[in-house]
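Here is a quick tour of a protein model for someone meeting it for the first time. Have a look at it, then read on.

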Amino acid sequence: MSRFDTNFDEMRYATRAVKSGEGPDPVTRAMNTPIYETSTYGYETAEQYDEMLARGAKWEPDLYIYSRTTNPTTTALEKKVIALENAEDAVITACGMAAISNALLANLNTGDHVICSDDTFMCTSSMFEDILPSKGVETSRVEILDLANIEKAMRPNTKVVYLEALSNPQLKLANIPEIAKLAHSHGCKFIVDNTFLSPCVMRPLDWGADIVVHSGTKYYVGHGDALCGIIAGRKKEMDRVRFYYDNLGSHISPFDSWLTLRSVRTMPLRLRQQSESAMTLARWFETREEVDFVTYPGLESHAQHELAKKIFVNGLYGGMLCVHLKGGYEEMCKFADATRIPPIATSLGDVVTLMFPKKAYNNLIRISTGCEDVNDLIADFEQAFEALKK
Ligand SMILES: Cc1ncc(COP(=O)(O)O)c(C=O)c1O
C-alpha cells in the first residue's frame with residue numbers, strides 16, 4: 001500500500017484533522033489541496049458526459065459536472081468533516097443558516113410539526129417563528145432541559161426535534177443522548193446545531209443525533225475570515241439533504257472551502273487552548289466581587305456540568321462563557337467599553353477573543369475565548385473592572 005493510500009480516518013483525532021480528505025493533487029501532486037475556481041468541467045464525448053450525468057444523479061463522490069453540485073476543493077473539506085464528525089456523509093454550505101435551512105427543509109413538509117428549543121440563534125428563531133409557519137409547518141418552542149416538555153409537545157405529525165447542543169446565548173446544555181432516544185421513540189428525526197462546542201468537544205452523531213449542523217463560520221473557520229456551513233450525518237439522511245442543497249443552490253465558494261480546509265487542520269489545537277483559557281477565565285470571574293454569576297459548562301456551578309463531563313471529550317468544555325455583572329446595563333456597558341483586547345463584536349469561535357454584551361438577556365456578557373495569552377486577557381478584564389469604580 002502506498003503512503004497516499006493510507007486511511008487516516010481510522011487514526012486519532014488530531015491526525016484526522018490534519019490528514020483526512022487531503023492528499024497529493026491527482027494531476028500536479030501538489031500536497032496542499034488546490035483552489036479549483038471553476039464553474040464547469042469538460043468532457044471528451046457526449047457518451048462520457050451522459051454517463052457522468054447518470055452517476056451524478058446518484059450522488060457518487062469525486063464526480064464533477066458543475067460546481068453548484070460538486071467542486072474538488074469542497075469535496076476535500078467534506079471528507080475531512082466526515083472524519084471529524086464520525087459521519088457517513090457531509091455537505092458544506094455557504095454559511096450556517098444555509099446548513100440549518102437545508103437540514104430542516106429536507107425533513108419537513110407542509111402539515112408537519114417540529115419541536116425546537118426556546119434558546120437559539122436569532123435567525124434560527126426566525127425560521128421557527130416566521131419562515132416555517134408561513135410555509136404551513138407547525139412549530140413548538142419548548143424549554144428542553146426538562147425532557148417532559150418535549151414529550152408533552154409531541155403531536156402525531158411531529159417529524160423533527162431541533163436544538164442547539166450548547167445554546168446561544170444562554171449556554172444551556174441539552175441532554176443529547178436522552179433527547180435522541182425520546183425523538184426516535186416518536187419516529188422523529190433529531191437535528192442538532194453544535195456550533196458552540198465544535199466536534200473537538202462533543203460529537204452529537206456519537207450520541208444518537210441524526211444530523212449535525214454547524215455555523216462553520218465559527219470554530220471550523222476559526223479565524224474570522226470566511227463564512228461556512230456544515231451538515232453531516234448518515235448517508236440515508238444526507239442524500240435528501242444533498243438534493244435540497246444542490247437544487248436550492250446553497251454551495252460555498254471554492255475559496256472559502258479552501259480557507260476552511262486550512263483552518264480545520266488546527267481546530268483540535270485551537271479548541272484545546274480556547275477551552276483551557278475559558279476554564280481559567282470562568283474560574284477567575286467567579287472570584288470577582290463585581291460578578292453576580294458565571295455560566296460555563298466546565299464549572300461545577302453549571303446546571304448541566306455532570307452531563308457535560310459525560311458527553312464532552314478529552315476533558316474540554318469549549319471556549320464559550322457568559323458573565324453576569326452585579327448592577328445593570330450601565331455596568332455592563334462600562335465594563336465592555338473599557339476592555340482593550342476583545343472587540344465588541346458578533347460571532348464567535350475566532351482565535352481573537354470576542355465579547356458580545358446583550359441587554360436583552362439581563363445584561364449578559366458572552367465571551368468567545370480566543371488564543372491570546374490568558375494572563376493578558378485577565379489583566380485586561382482586571383483593568384476593565386477598575387473602570388467600573390470610576
Ligand atoms: C448557534 C448558531 N447557529 C447558526 C448560526 C448561523 O451561522 P452563519 O452566520 O454562518 O450563517 C449562528 C451564527 O451566529 C449561530 O450562533
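## The overall picture

Of the protein's 390 residues, 47% count as buried, meaning that 20 or more other C-beta atoms (placed from the backbone) lie within 10 Å of the residue's own; 12 or fewer make a residue exposed, and anything in between is partly exposed. What you're looking at is a predicted model, where local features need pLDDT of at least 70 and side-chain atom pairs count only at pLDDT 80 or more, while totals for chains, interfaces and linings use all residues. Residues are numbered from 1 along each chain, as its sequence is written.

The protein has 13 helices and 11 strands; these are DSSP runs numbered from the N terminus, with helices being H or I over at least four residues and strands being E over at least two. The C-alpha trace spans about 75 × 50 × 35 Å along its principal axes.

## The enclosed helix and the ligand

Helix α4 covers residues 96-105, and 10 of its 10 residues are buried, so the rest of the structure largely encloses it. Among them are Gly96, Met97, Ile100 and Leu104.

Gly96 also turns up by the ligand: of the 15 residues around the ligand, Cys95, Gly96, Phe121, Ser215 and Thr217 come nearest. (To be near, a residue needs its C-beta atom, placed from the backbone, within 6 Å of the molecule.) The elements giving two or more residues to this shell are α4 and α5 (122-134). By type, the shell splits into six nonpolar, seven polar and two charged residues. Here Ala, Val, Leu, Ile, Met, Phe, Trp, Tyr, Cys and Pro are nonpolar, Asp, Glu, Lys and Arg are charged, and the others, Gly among them, are polar.

## A four-stranded sheet

Now for an open sheet: four strands in the order β8-β9-β11-β10, with antiparallel pairing. Two strands pair if DSSP finds at least two bridges between them. At the edges stand β8 (291-295) and β10 (354-358), each with a single partner strand, so one side of each has no neighbour in the sheet. Neighbouring strands are turned by 20° against each other on average, direction ignored.

β8 pairs with β9 (residues 320-325) in the antiparallel sense over four bridges, and Thr295 stands opposite Cys322 in β9. Helix α12 (residues 329-338) lies across β9, β10 and β11 (364-368), running at about 165° to β10. Such angles run from 0 to 180 degrees between N-to-C directions, using lines fitted to C-alpha atoms, for helices over the stretch in contact; contact means C-beta atoms, placed from the backbone, within 7 Å.

Terms used: Two residues are in contact if their C-beta atoms, placed from the backbone, lie within 7 Å.
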